[in-house]
Amino acid sequence: NSTTLANIALCEKCVFVIGNLLGDSFMARQSLLELGALSSLIACVGLGLERIKMLGQQQHQQQQQQQQQQQQCDNKKIRHRLKSKILLLIPVVLLAVSSIIALSIGQITTASTVIL
């Protein structure tokens, strides 16, 4: 990451140098062009821009990962709450089922007593 920041700083400096060269005399600019210095500066600017783009992509990926982690954490909390509620309902359901069975047995017993 410090390398990326150094590349970005170098890119900024190259942009300033190019701007200063444009303000110099025609002969100075021509000499730098012939030496290939301007193309090297432009290459440094391109490198800096590439690093800026990569940094933005990395930040975007990190944000997505954080959002996914938060979503997973939220999902775990929801599942835990649902499990807790289901566990609270189990005794109520068992009581209702046993009551229905007891009533059914009672009705069967009562019906058999009536028949006899």
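User: What makes up the surface that this protein exposes?

Analyst: Happy to start there! In this predicted model, the protein exposes about 9,600 Å², and carbon and sulfur atoms supply 65% of that area.

User: How do you know how confident the predictor is in the model?

Analyst: Look at pLDDT, which runs from 0 to 100. Its mean over the protein is 80, and 91% of the residues reach 70 or more. Among the elements, helix H3 (residues 37–115) has the highest mean, 82, while helix H1 (residues 2–23) has the lowest, 75. As a reading tip, where pLDDT is low, the predicted coordinates should not be read in detail.

User: Why is the pattern of this protein written α-α-α?

Analyst: The protein holds three helices and zero strands. Reading along the sequence then gives α-α-α.

User: How do you know whether the radius of gyration fits a compact globule or not?

Analyst: Set the two values side by side. For a compact globule of 116 residues the radius of gyration would be near 13 Å, but this protein has 38 Å. The value does not fit a compact globule. You can also look at the C-alpha trace, which spans about 125 × 20 × 20 Å along its principal axes.

User: What share of the residues counts as buried?

Analyst: That label needs a relative accessible area under 20%. Of the 116 residues, 9% count as buried.

User: Why is Arg-51 called partly exposed?

Analyst: Partly exposed lies between the cut-offs of 20% and 50%. Arg-51 has 24% relative accessibility, so it counts as partly exposed. You will find Arg-51 in helix H3.

User: Which residues does Arg-51 touch, leaving out those up to four places away in sequence?

Analyst: Arg-51 touches Thr-4 and Asn-7. A contact requires heavy atoms within 4.5 Å. As for Leu-10, its C-alpha is 11 Å from that of Arg-51, with their positions 41 residues apart in sequence.

User: Why does Gly-56 get its exposure label?

Analyst: Try the same kind of reasoning! Gly-56 has a relative accessible area of 33%, so it is partly exposed, given that this label covers values between 20% and 50%. Gly-56 is also found in helix H3. Its C-alpha is separated by 54 Å from that of Pro-91, and these two residues are 35 apart along the chain.

User: What share of the contacts with a separation of 6 or more comes from residues 24 or more positions apart?

Analyst: Such pairs account for 70% of those contacts.

User: How far apart are the mean positions of the positive and negative charges?

Analyst: The protein has 10 positive and 5 negative charges, and their mean positions are 26 Å apart.

How values were computed:
Residues numbered from 1 in each chain as written. Predicted model: local features only at pLDDT ≥ 70, side-chain atom pairs only at ≥ 80, totals over all residues. Heavy atoms only, no water. Helix = DSSP H or I, 4+ residues; strand = E, 2+ residues; numbered from the N terminus. Rg over C-alpha atoms; globule rule 2.2 N^0.38 Å. Buried < 20%, exposed > 50% of the residue type's maximum accessible area, 1.4 Å probe, protein only. Areas by Shrake-Rupley, 256 points an atom, 1.4 Å probe, with all protein chains shown as cover. Lys, Arg positive; Asp, Glu negative; His and termini not counted. Charge placed at Lys NZ, Arg CZ, Asp CG, Glu CD.
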